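Reader: I am new to reading structures. Please take one part and walk me through it closely. Short sentences would help.

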Amino acid sequence: MTRATYAELLNLLAGIALVAAVLTLWRRKLVAIVRLLAVQGAAVAATGLVIGIDRASVSAIVLATLAFALKAGVIPLVLLRLVRRGPDARETQPLVNVSASLVAAALLIALAFASTSAVVSLSSGPESRVIPLGFAIVLVGFFSLATRGKAPSQLVGFLLFENGVALVAVLAAAGVSVVVELGVALDVLLAVLVLQVLTARMQDKFGSLDLDQLQELHD
Amino acid sequence: MLLLFVLFPIAPAVAAAACGWQPWVGRVAVATSGLLVVGGGILAARVLDNGPQTFDTLLRADALSAFMVILIGSVALLASWFSIPYLTAELTHHHTTARGAQLYGILINAFIATMVFAVLVDNIAVMWVTIEGTTIVTAFLVGHRRTRHSLEASWKYVILGSVGIVLAFLGTVLVAYAAAHTHGGGGGEPSLSWTSVVEIAHQLDPGVMRLAVVLLFLGYGTKVGLAPMHTWLPDAHSQAPAPVSALMSGALLSVAFYAILRVKVIADLALGPAFSRTLLIIAGLLSLVVATSLIIAQRDYKRLLAYSSIEHMGIVALAAAIGTPLALSAALLHMLGHGIGKSVAFLGSGEIALTEGTTAIGEVHGLVARRPVIGVSFGLSLLGLLGLPPFVLFATEIAIINAGFAQGLGWVMAIAAVLLLVVFGAVLLHAKQMLFGIPDEHERRTPTATAFARPLLLGLAAFTALGISIWPIQQLLHTAARIVAH
């Protein structure tokens, strides 16, 4: 792999991940959004794989493969099962309309580039130049989380956000130890499972997954 | 030796998993929590004599860690002791099932173990993993009752808690990135051990560190319940079972603040003290304002206690912002005092809620006359939390305000003092009616069961004793404070 191809590949994969995040603001069908999440997860894991291959690091390659299974396999499957459980959860109900969301996404991407200039200039490697894309996914994911009114789509928003952080982590952290990476992956998986159980209980108690029903606790 | 501390609370968790929840499992949990306090004391003595203790490369205990172990153990002791009659009552009233009680027994002890782990790990990334772990183990504890309200509370808790903590992870990644690109390092594998990051902290790139510190403060600040990331806290703390509320409020908030203190040491070396001071002053004052305004018109006594926790964490944040050894000693003592006092208040509120069947302030009257034990202990814990002598928070609040004036933060301290006075008046008004109001006809004179009363009285005794003298822990406090102070 030449340096130029390597840099191109990183750009391409991070670009796919960001486009997937923005597209989730545009699509309304939750099944389609979960598929976009899987594409994004695959792109993030592939970034880790490319970096691992480039550095000939076995542990990084193993971790990236594991991340691929988790982000493009297990988590999307769990979510699809959740979506198919409740008929009323198939459509998202964004609190902000699509065109306003896309404008917001553009502003957030600009903000991500503006706030990470110090991070980019610290290192001359091709990885660090892609880091702003990771931050852009974090911000867009957070926006998606904050503006969704149904439990499964909030959960998807959280995972978009987390994928952004994972992308920054593989690009920035050359050597966070394997134990830590595994701990992080386990924590995220457990958090998703906890939220899935809560969603199932919500379906039983409320008969719907509309978070607008969660307005009983207030001052 | 250090590993033992994490294993102590695992024992009752395993017992609960194997045999289901039984009163003897609860008593084992009380004993292991007691061991944490005693062991924390022994650890403190060894640290003060021989310097920081390590186990493998994973665990490391300095004076600050030893202090936190004692804090967690004290709160865990009260909460575990109270859990025994609490679960027995829940089972008799069919509020929970044998399975629910078993899950409770496993999770609450796993929760204590995770907190102890968090204050003993050296690596800041592993510390992150353990603090995220506390969210996972407590999620089902908050939802223990399985009502609509507790479900709503646990959803908000897990979503907001996870978002916050993922931000803290992003911050940790940036610290690792900065550490890998120091002038001397040249892109090698950085060690994320707190001690080695502190050693190279002055070489870390300030631009990257500014972003990292903001993310870390935002992330761990969410777990501390600092405004404006506090919105999950009143729901979770008011819906959780009383002993869990005591642990979450008395211990977990302080454990999360411990993470902020560790980050602050790195931040102050890399960026100078002004940067973290500004962030902490904003978060501290905002928390005090939010807590004060929502305490004034509060109608639910468990939520009142939750907002009081936000208020106290705001005070601790301001003390950390001052940053002198004196202010930090006061902050640490404040965390311990708040941990014990708030546990008594939350446990008392749990007994009141069980017996009266309501958490509305307006529906509880004349507790002191009807049920003197619970009325007086709940009332005294509230007075202590408001900062009245002889309780310990009186001394710490005075010390923090004095230290603030001495550091030229007079205007911040003046605003804080005014807000504290408003809270004082508002809580007294609420408490007056609950404690001394004229009871309705249906409100009974049910006596407080001794099993509930014992842990409350022990907590009150400790709360008062801390206010009278702190000599056994004075040296520990000073040494721990000097680790963080600049």
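Author: Here is a close look at chain B, with the packing of its helices at the centre. The model is predicted.

Start with the whole chain. Chain B has 19 helices and two strands. Its radius of gyration is 21 Å, and the globule rule gives 23 Å for 486 residues. The two values are close, so chain B is as compact as a globular protein of that length. Along its principal axes, the C-alpha trace spans about 75 × 55 × 45 Å. Of the 486 residues, 63% count as buried. Now take the contacts in chain B between residues at least 6 apart in sequence: 81% of them join residues at least 24 apart.

Next, zoom in on two helices, α3(B) and α13(B). Two packed helices are described by the angle between their axes and the distance between the axes. The axes of α3(B) and α13(B) come within 10 Å. They cross at roughly 5°. Angles under 35 degrees count as roughly parallel, so α3(B) is roughly parallel to α13(B).

Look at the residues in this contact. From α3(B) come Phe67(B), Leu71(B), Ser74(B), Val75(B), Leu78(B), Ala79(B), Phe82(B), Tyr86(B) and Ala89(B). From α13(B) come Leu332(B), Met335(B), Leu336(B), Gly339(B), Ile340(B), Ser343(B), Leu347(B), Gly350(B) and Leu354(B). Read the numbers with helix geometry in mind. An α-helix has 3.6 residues a turn, so residues three or four places apart point the same way. By class, the contact of α3(B) with α13(B) has 14 nonpolar residues, four polar and no charged.

Both helices also help to cover α19(B). Helix α19(B) runs over residues 471-484 and has 14 residues. From its first C-alpha to its last, α19(B) reaches 21 Å, close to the 20 Å expected at 1.5 Å a residue. The buried residues of α19(B) are Ile473(B), Leu476(B), Leu477(B), Ala480(B), Ala481(B) and Val484(B). What covers them includes α2 (23-50), α3 (63-92), α10 (242-271) and α13 (325-356) of chain B.

Now try single residues. Phe5(B) sits in helix α1, residues 2-19. A residue is buried if 20 or more other C-beta atoms lie within 10 Å of its own. Phe5(B) has 27 such neighbours, so Phe5(B) counts as buried. Leaving out residues up to four places away in sequence, Phe5(B) touches Leu36(B), Gly39(B), Val69(B), Val116(B) and Leu120(B). Phe5(B) and Ala465(B) are 460 residues apart in sequence, yet 25 Å apart in space, C-alpha to C-alpha.

Ala101(B) lies in helix α4, residues 98-120. With 23 other C-beta atoms within 10 Å, Ala101(B) is buried. With residues up to four places away again left out, Ala101(B) touches Trp21(B), Leu87(B), Leu91(B) and Thr96(B). Ala101(B) and Gly73(B) are 28 residues apart in sequence and 22 Å apart in space, C-alpha to C-alpha.

Last, turn to the side of chain B that touches chain A. The contact takes 39 residues from chain B and 37 residues from chain A. On the side of chain B, the elements that give two or more residues are α5 (124-142), α6 (148-180) and α8 (206-224). The largest share, 19 residues, comes from α6(B). By class, this side has 24 nonpolar, eight polar and seven charged residues.

How values were computed
Residues are numbered from 1 along each chain as its sequence is written. Chains are lettered from A and ligands numbered from 1 in the order in which they are written. This is a predicted model: local features need pLDDT of at least 70, side-chain atom pairs count only at pLDDT 80 or more; totals for chains, interfaces and linings use all residues. Helices (H or I, at least four residues) and strands (E, at least two) are DSSP runs, numbered from the N terminus. A residue is buried if 20 or more other C-beta atoms lie within 10 Å of its own, exposed if 12 or fewer, and partly exposed in between; C-beta atoms are placed from the backbone. Two residues are in contact if their C-beta atoms, placed from the backbone, lie within 7 Å. Ala, Val, Leu, Ile, Met, Phe, Trp, Tyr, Cys and Pro count as nonpolar, Asp, Glu, Lys and Arg as charged, and the others, Gly among them, as polar. The expected span of a helix is 1.5 Å times one less than its number of residues. Axes are lines fitted to C-alpha atoms, for helices over the stretch in contact, and angles run from 0 to 180 degrees between N-to-C directions. Angles under 35 degrees count as roughly parallel, over 145 as roughly antiparallel, 65 to 115 as roughly perpendicular and the rest as oblique. The radius of gyration is taken over C-alpha atoms; the globule rule is 2.2 Å times the number of residues to the power 0.38.
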